[in-house]
Structure formats: C-alpha cells, structure tokens
Amino acid sequence: MQSVKKAASIALSVVMWIIILVAALYAFTTLATREDGSVSDIAGFTPLAVQSDSMAPTFNKGDLIVIKKCDTSKLEVGDIVTFHTIIDNEYALNTHRIAAIDEVNGMRSFTTKGDNNDVADTHIISDGDIVGKYLFALPQMGKVMDFLSSSMGFLIVIVLPMLLFFIYQVYHLIVVGMNLKRAMAEEDRLAAAAAIVDAEGKGDTTVTADNAAEQLAQAEAKLEEARRLKAEAEAAMNATKQEDTDGE
C-alpha cells in the first residue's frame, strides 16, 4: 500500500511539473509580443506559433518554431529570420527566408520571401527589425499553444489541474493533521499505561486491583446486555416465523 501511495505521489508531481512547464511555454508564446514592440525570450530563445503556410514545407501552420537572438551583421542570404513587419495594416511578427541583402552607406537592408510564396515580401526590413534567427520547428505544437491561449484551453489545461492539485494538498494536510492527532492520543494512552505499570512496580496494588475489578464488572454487564438483546432478537424472529406458518 505504501508503494502505491509513493508511486501515485511521484506521478502527481511529474504531472504538475509538466503543467508548470506548459504554462511557462504558454506565457512566452502567447505573450511574446509586448505593447512596446519588444519580444520576450528565455536566455535569448523565443518560441512562436506559426499562423500561416507561407514557409511550407520548411514549417507549416500549426507548428511551433524556436528562434534565437543573433548578430544581424552575420546573417546571410538563405537564413530564416523573424522580424517586425506590417500585415494587413497591423503590427505583426513574420518569419521568412532572406532572399537578398543590400548595403548602402554601411546600412544593410533585407529582402525576405516565404518558401511557399511566389513573390518577395513588400516591406524591406533593416537590422533593427530582426528579432532572431530560426533554429528549429516542433510539428503541430503551435496548435497546442493556440489552444492554451484561448480562455477554455487555459482553464482546462492549466487552471483546473492546479486547482485540483491545491485541493489535494489541502486534503493531504487535513489527513496528516488527523493522523497526528491520533498518534498523540495513542501516545497519551501509552503514557497512562506506563504510569499504571510503574505504579504496580512500586507496590501500589490497591489502585490496580480496584481498576481491574471495575473493568471486569463493566465487561460482564456489557456481556449480559448483549445476551439479553440476542435473546430478544431470536424470540422476535421465531414469532415472525410462527405467524408465517399459521398464515399458510
């Protein structure tokens, strides 16, 4: 039984750590873009959910990509980068491949293009627009992050399990408290027994004998009461059987 409880406790801890890690990943994917235009990262790494198939088959809509801050002076044609841009008259992050690099008076500009697009992007970007360089993709994990970004997904996957874990911890504390109370009561009982034994060892036989006689009388009274109740029950059952026989 103890091994089962231990295994269940380990499994619960693993599940909670997974939920915490997923919650952290959710925070950095859904809240990556801040109001001031900066992008959050963990040690320079940022996960982002892909929202279109413009880079298929390199990565597809619903995938999760990871980018890393980079030295823009070392970027070359063919590198895939994430950058600030305007899409449908709204600020957005986009991840496309560098199709051309131009330099005028020491200032570089980049022309980008999606692998699945026929034409290059309209907006030409500069070093300051680039957020990071693409590293790798996790297929379909972007859908998971998109689900977590919804109110229902966040409630089901993160809030509800954490609430259940909190309730379990409260229940566990209550059980521990009850067990501790029982243990203290048992200790008091053992202490009382030890005191009686000590009294016997000192020759205080009068108190011990009186207690024993009283306990014996109580036990005999309870036994007699049990016999009486049993006799009454048997008599009632016999009477019921006799009535059934007479009725036939």
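Student: Let's start with Q140: between which two elements is its loop?
Tutor: Keep in mind that we're looking at a predicted model. Q140 has a positive phi of about 65° although it is not a glycine. Its place is in the loop between β7 and α2 (141-149).

Student: And is Q140 buried, partly exposed or exposed?
Tutor: The buried class stops at under 20% relative accessible area, and the exposed class starts at over 50%. Q140 comes out at 38% relative accessibility, so it counts as partly exposed.

Student: Which other residue, in the loop between β4 and β5, has a positive phi although it is not a glycine?
Tutor: As background, most residues other than glycine have a negative phi. In the loop between β4 (90-104) and β5 (107-113), the residue to look at is N105. A positive phi of about 55° belongs to N105.

Student: What is the relative accessible area of N105?
Tutor: Exposed means over 50%. N105 is in the exposed class. The relative accessible area of N105 is 77%.

Student: Now the sheet. What is the order of its 7 strands?
Tutor: It's an open sheet with antiparallel pairing. The edge strands, each pairing on one side only, are β1 and β6 (125-126). Reading across, the order is β1-β2-β7-β3-β4-β5-β6.

Student: Which residue in β2 is the bridge partner of F45?
Tutor: Strand β1 (residues 45-49) pairs with β2 in the antiparallel sense, over 5 bridges. Start from F45 and cross to β2: the bridge partner is K68.

Student: On the other side, which residue in β7 stands opposite L64?
Tutor: β2 also pairs with strand β7 (residues 130-138), again in the antiparallel sense over 5 bridges. Opposite L64 in β7 stands L138.

Student: How many bridges join β5 and β6?
Tutor: These two strands pair in the antiparallel sense. One bridge puts S109 together with its partner S126 in β6. The number of bridges between β5 and β6 is 2.

Student: Why can we call β2 largely enclosed by the rest of the structure?
Tutor: Look at residues 64-68, the strand itself. β2 also has pairing partners in β1 and in β7. It is largely enclosed because, of its 5 residues, the number buried is 4.

Student: Which helix lies across β1, β2 and β7?
Tutor: We want an element that covers this set of three strands. It runs at about 95° to β2, and it is α2.

Student: Which elements give two or more residues to the largest nonpolar core?
Tutor: That core has 10 residues, including I65, I67, V131 and Y134. A second, separate core of 7 residues includes I98, F110, I125 and I130. For the largest core, the elements giving two or more residues are β2 and β7.

Student: I80 is in that core too. Which residues is it in contact with, leaving aside neighbours within four places in sequence?
Tutor: The largest core lists I80 together with M55 and F59, among others. Both M55 and F59 are in contact with I80. The full set for I80 is M55, T58, F59, T95, H96, R97, K133 and Y134.

Student: What does the side chain of D79 reach at 2.8 Å?
Tutor: D79 lies in the loop between β2 and β3 (80-87). With a relative accessible area of 15%, D79 is buried. It touches residues including K74, H96 and K133. At 2.8 Å, its side chain reaches the backbone nitrogen of E76.

Student: What is the omega of the peptide bond from A56 to P57?
Tutor: Most peptide bonds are trans. This one is cis, and P57 lies in the loop between β1 and β2. The omega is near 5°.

Student: How far apart are the C-alpha atoms of N60 and V50?
Tutor: N60 is in the loop between β1 and β2, and it counts as partly exposed at 30% relative accessibility. N60 touches V50, along with S52 and D53. Although N60 and V50 are 10 residues apart along the chain, their C-alpha atoms are separated by 6.8 Å.

Student: Finally, which element has the lowest mean pLDDT?
Tutor: The protein averages a pLDDT of 78, and 70% of the residues score at least 70. Where pLDDT is low, the predicted coordinates should not be read in detail. β7 has the highest mean, 95, while the lowest, 59, belongs to helix α4.

Definitions and conventions
Residues numbered from 1 in each chain as written. Predicted model: local features only at pLDDT ≥ 70, side-chain atom pairs only at ≥ 80, totals over all residues. Heavy atoms only, no water. Buried < 20%, exposed > 50% of the residue type's maximum accessible area, 1.4 Å probe, protein only. Pairing = 2+ DSSP bridges. Core = buried A, V, L, I, M, F, W, Y, C linked by side-chain atoms within 4.5 Å. Contact = heavy atoms within 4.5 Å. Polar contact = N/O pair within 3.5 Å; in protein donor to acceptor, adjacent residues only side chain to side chain. Axes fitted to C-alpha atoms, helices over the stretch in contact; angles between N-to-C directions. pLDDT = per-residue confidence, 0-100.
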